[in-house]
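Grab a coffee and work through these exercises with the model open next to you. Each one sets a task, then walks through a solution.

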Amino acid sequence: MNNNDIKTYKNESQGSGACAPFSLYSFLKYLAIFGAVFITAIIQTGFFLKWRPWGTSPDLCLALCVAVSLKWGAKKGSVVAIMSGFCLDAFSSVGISLLIPFYFILSIIIGLFCEGKNTDSFSYFISAMPIAALFRVMIIFFELCLTAPSFSASETFIRTILPHFVITIVFSPILYLAVRLTEKIFGKRDRTTRHKKRDT
Amino acid sequence: MRLLGDKFKKFARTKFFIVAASVAVFLTVAPAVLAMMGRGDILRSAVNLVATPLKSVAVFCGNAVDGFFDYFTEFNRLKEENAQLREELDKAQSKNDAADVALAENEWLKKFLLFSKEHPEYTLIDAMIVGRESGDATISFTLNKGSAAGIKLNQSIITPNGLVGYVCEVGLNYAKVRTIISNGTSVGAISERSGAYGMLEGIYGNSQSGVCKMICRDADADIQVGDPIVTSGVGSIYPYGLNIGKVSSIEIDEYSRDLIVYIETAVDFSHVSRVMIIGEEDSGNEQ
């Protein structure tokens, strides 16, 4: 794929706002995406329940949102973000949570920022992840300030903020590879369909 | 940044953004509102219904991985804990051993006290055996007290069970004891039942068995198996009435026609570790 193809591909999926015609294939694709988000959320909350490297669990859903936004743009990224936030809230949160709005806005910003650029490479992903992780830990810090007014900032930084930041970045390439794999499975047919539409 | 802002404004006007943002706000606020109203969140419940079995699998896998890493990360902690527990165990065992010793001492002192009450005429001195003869461990002992504690030559040595021997040598802080089963000692003895008299001697080469013999000149002496034998008080060493043992068998010497009475001693000479020395007698009962 050259840069023009990438631009066309992304613009068609983001800019106009027009929805593609619904088909069984699209339904299965979105079901697969939801399934992937579901599994990711389960792994984040279940697999890392006992085994917590450096005392924390990595934010895999955040990495998934970033990878999808970079790969497929703001629209798909925001859908994945809503699904991820909802699943995480359902599995582990109590009361109101800022996960859904945070993931939603982050995915849109990343998707729009990368519009028109070839952001398919791993270097873009690994550059975006620390920024996303930084915003995430800021949200965590903000939530702590709201829920636990008296806490030690230095202790919290060493025990919660820094480990969460580092471990999220360390485990994020796994999600990048998963998204690349999904793209290989579904992306070929998508590109063929769009090329046919453009040609007609 | 300005370009991003323009892009965002354009995107925000799209139908997709309006629908998606509404859904996001709804999914954020609705569960909290439902929770405040006391109603369950249907959507979250539905998701959890499907997710719970899968989460169990994920938790199981996570526990397995945690157990695997624990092998490496917990090793040092377990090693330290092991060393600490060993130390605590050693201390507890020492305490236990000390408690056992204290208990044994308590039992001994109880018997000591009981014997003192039964024989108020005796002055008793408590001592421990700190050495035995290397050849035959039952012939003679060394005690940990001597003249400084009031021990004198020829004083009788007993335990609550019976007669042990007499003091054959005494120093400032030690005393040597010759037992009644050693060859060469003789003790005037009588049957407590019939009063039949004899002279008790050790059996040469047989001291390990704890059996000694009493020779009665009177072949018709009334002695039976099982008779308790005590000191007769004849002689200058042993006072009257100290328990020696019980008759185990009787035979007649074919040459001298003396009655040879074999006595099983009341004291276990192989295992005795504490003894009492009968000191100065309070009443005038010199033998």
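**Exercise 1. Work out how many residue pairs are in polar contact between chain B and chain A, and describe the interface around that count.**

Step 1. Keep in mind that this is a predicted model, so side-chain atom pairs count only at pLDDT 80 or more. With both residues held to that bar, the count between chain B and chain A is 1 residue pair in polar contact.

Step 2. Ask which elements of chain B do the touching. Helix H1 (2-12), helix H2 (15-37) and helix H3 (42-118) of chain B each give two or more residues to the side that touches chain A. H3(B) has the largest share of that side, with 16 residues.

Step 3. Sort that side of chain B by residue type: you get 21 nonpolar, 5 polar and 4 charged residues.

Step 4. Look for salt bridges across the interface: between chain B and chain A there are 0.

Step 5. Put numbers on the whole contact. Chain B brings 30 residues and chain A brings 31 residues. About 2,900 Å² is buried between the two chains, and carbon and sulfur atoms give 77% of that area.

**Exercise 2. Find out how many disulfides the structure holds, and check up on Cys65(A).**

Step 1. Recall the chemistry: a disulfide is a covalent bond between the sulfur atoms of two cysteines.

Step 2. Count over all chains, and you arrive at 0 disulfides. For Cys65(A), the nearest cysteine sulfur belongs to Cys61(A) and sits 6.6 Å away. The cut-off for a disulfide is 2.5 Å between sulfur atoms, so this pair doesn't qualify.

Step 3. Is Cys65(A) buried or exposed? It has 1% relative accessibility, so it counts as buried. Over in chain B, Cys168(B) has a relative accessible area of 31%, so this cysteine is partly exposed.

**Exercise 3. Pick apart the surroundings of Arg274(B).**

Step 1. Place the residue: Arg274(B) is in strand S12 (residues 274-278) of chain B. For context, chain B has 3 helices and 12 strands.

Step 2. Check accessibility. Arg274(B) has a relative accessible area of 13%, and since the limit for buried is under 20%, this arginine is buried. Across chain B, buried residues make up 37% of its 287 residues.

Step 3. List the neighbours, skipping those within four places in sequence. Arg274(B) is in contact with Glu105(B), Trp108(B), Asp126(B), Ala127(B), Met128(B) and Thr159(B).

Step 4. Look at the side chains. Those of Arg274(B) and Asp126(B) are joined by a polar contact of 2.7 Å. Add Glu105(B), and you have a network of salt bridges linking Glu105(B), Asp126(B) and Arg274(B).

**Exercise 4. Take three other salt bridges and say where their partners sit.**

Step 1. Get the total: there are 9 salt bridges over all chains.

Step 2. Start in chain A. Arg136(A) pairs with Asp59(A), with the closest N and O atoms 2.7 Å apart. The partners are 77 residues apart: Arg136(A) is in helix H6 (residues 122-147), while Asp59(A) is in the loop between helix H2 (24-47) and helix H3 (60-72) of chain A. Arg136(A) is buried, at 10% relative accessible area, and Asp59(A) is buried too, at 1%.

Step 3. Move to chain B. Glu81(B) and Arg77(B) form a salt bridge, the closest N and O atoms being 2.9 Å apart. Both lie in helix H3 of chain B, 4 residues apart, about one turn of the helix. Glu81(B) is partly exposed at 32%, and Arg77(B) is partly exposed at 43%.

Step 4. Finish with Asp222(B) and Arg193(B), whose closest N and O atoms are 2.9 Å apart. This pair links two loops of chain B, one between strand S8 (211-216) and strand S9 (228-231), the other between strand S6 (186-191) and strand S7 (197-202). Asp222(B) is partly exposed at 38%, and so is Arg193(B) at 40%.

**Exercise 5. Which residues does Val179(A) touch?**

Step 1. Find Val179(A) in helix H7 (residues 153-199) of chain A.

Step 2. Leave out residues up to four places away in sequence, and its contacts are Leu64(A), Ala67(A), Val68(A), Lys71(A) and Trp72(A).

Step 3. Check one distance: the C-alpha atoms of Val179(A) and Val68(A) are 6.8 Å apart, although 111 residues separate them along the chain. At 5% relative accessibility, Val179(A) counts as buried.

How values were computed
Residues numbered from 1 in each chain as written. Chains lettered and ligands numbered in written order. Predicted model: local features only at pLDDT ≥ 70, side-chain atom pairs only at ≥ 80, totals over all residues. Heavy atoms only, no water. Contact = heavy atoms within 4.5 Å. Buried area = accessible area lost by both parts, 1.4 Å probe. Salt bridge = Lys/Arg side-chain N within 4 Å of Asp/Glu carboxyl O. Polar contact = N/O pair within 3.5 Å; in protein donor to acceptor, adjacent residues only side chain to side chain. Nonpolar A, V, L, I, M, F, W, Y, C, P; charged D, E, K, R; others polar. Buried < 20%, exposed > 50% of the residue type's maximum accessible area, 1.4 Å probe, protein only.
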